[in-house]
Amino acid sequence: MDGKILARIGAVVFIGVALTVTAIEMSSKDDEPDALATRDRSIASQDPLASELRRCSGIGEAGPRDPSCVKAWADSRRRFLGQHDSATAPAAVAPKTLFPDVPSSADRKEGERTDVTAPAMQVEPPRPEIR
């Protein structure tokens with residue numbers, strides 16, 4: 001036999017075996033269920049928040065308008081950040097003013113505008129003249 005013919009026969013046999021193995025593998029059913037899907041179902045059955053979050057992500061753009069979804073997202077955020085209930089949380093601190101020299105809106109008169117781009121000028125008391 002010629003070497004070329006032997007190489008061609010070997011290639012045809014190899015392709016035939018590869019196609020047969022592929023066909024068998026594709027037609028066989030998986031005996032084990034998908035581990036990820038099973039794990040998701042078990043987590044959802046243990047944690048009602050996870051199932052609610054899954055439902056909210058499935059309803060699309062209606063999620064932000066659904067009160068139960070907003071509550072579920074707030075609970076998830078609080079759980080993720082490790083925050084406690086708002087009843088036990090410390091009281092909020094009043095924000096500090098960025099421009100302490102500028103009068104607040106409550107101190108200003110109606111219609112009066114304040115230029116916040118320029119620093120407020122402070123008037124120093126007159127100094128005694130030294131001679």
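Buried means under 20% relative accessible area, exposed over 50%, and partly exposed in between (1.4 Å probe, protein chains only). By that scale, V17 is partly exposed, because its relative accessible area is 48%.

## Model and confidence

This is a predicted model, in which local features need pLDDT of at least 70 and side-chain atom pairs count only at pLDDT 80 or more, while totals for chains, interfaces and linings use all residues. Residues are numbered from 1 along each chain as its sequence is written, and side-chain values use heavy atoms, without hydrogens or water.

The protein chain averages a pLDDT (the predictor's confidence in each residue, 0 to 100) of 77. Of its residues, 57% score at least 70. Confidence varies by element: α1 has the highest mean pLDDT, 94. The lowest mean, 61, belongs to α2.

## Fold

The protein chain has four helices and zero strands (DSSP runs numbered from the N terminus; helices are H or I, at least four residues, strands E, at least two). From the N terminus, the order is α-α-α-α. Of the 131 residues in the protein chain, 8% count as buried.

## Helix α1 and its nonpolar patch

Helix α1 covers residues 3-27. Its 25 residues should span 36 Å at 1.5 Å a residue (1.5 Å times one less than the number of residues). The end C-alpha atoms are 36 Å apart, so the span agrees. D2 caps the N-terminal end of α1. One of its side-chain oxygens lies 3.2 Å from the backbone nitrogen of K4.

V17 sits in this helix. V17 is also part of a nonpolar surface patch with M1, I5, L6, I9, V13 and V21. Together these residues have about 720 Å² of accessible area (Shrake-Rupley, 1.4 Å probe). Patch members have over 30% relative accessible area and no salt bridge, with nonpolar side chains joined within 5 Å.

## Helix α3 and a salt-bridge network

The whole structure holds five salt bridges (a Lys or Arg side-chain nitrogen within 4 Å of an Asp or Glu carboxyl oxygen). Three residues, E52, R55 and D66, are linked in a network of such bridges. In the E52 to R55 bridge, the closest N and O atoms are 2.8 Å apart. E52 and R55 both lie in helix α3, three residues apart, or about one turn of the helix. R55 also bridges to D66, and the closest N and O atoms are again 2.8 Å apart. This pair links distant parts of the chain, eleven residues apart: R55 is in helix α3, and D66 is in the loop between α3 and α4.

E52 is partly exposed, because its relative accessible area is 21%. R55 counts as partly exposed too, at 36%. Helix α3 also holds L49. L49 is buried, because its relative accessible area is 13%. The C-alpha atoms of L49 and C69 are 9.9 Å apart, and 20 residues separate the two along the chain.

## Helix α4 and its tie to D47

Helix α4 runs over residues 67-81, 15 residues in total. From first to last C-alpha, α4 reaches 21 Å, close to the 21 Å expected at 1.5 Å a residue. G82 follows just after α4 and takes a positive phi of about 75°.

R79 and D47 form a salt bridge through their side chains (3.0 Å, N to O). R79 lies in α4 and D47 in the loop between α2 (35-46) and α3 (48-58), so the pair ties together parts that are 32 residues apart in sequence. R79 is exposed, because its relative accessible area is 52%.

Definitions and conventions: Patches are made of residues with over 30% relative accessible area and no salt bridge: like charges are joined within 9 Å, nonpolar side chains (Val, Leu, Ile, Met, Phe, Trp, Tyr) within 5 Å. A polar contact is a pair of N or O atoms within 3.5 Å; within protein, one must be able to donate a hydrogen and the other to accept it, and residues adjacent in sequence count only if both atoms are side-chain atoms.
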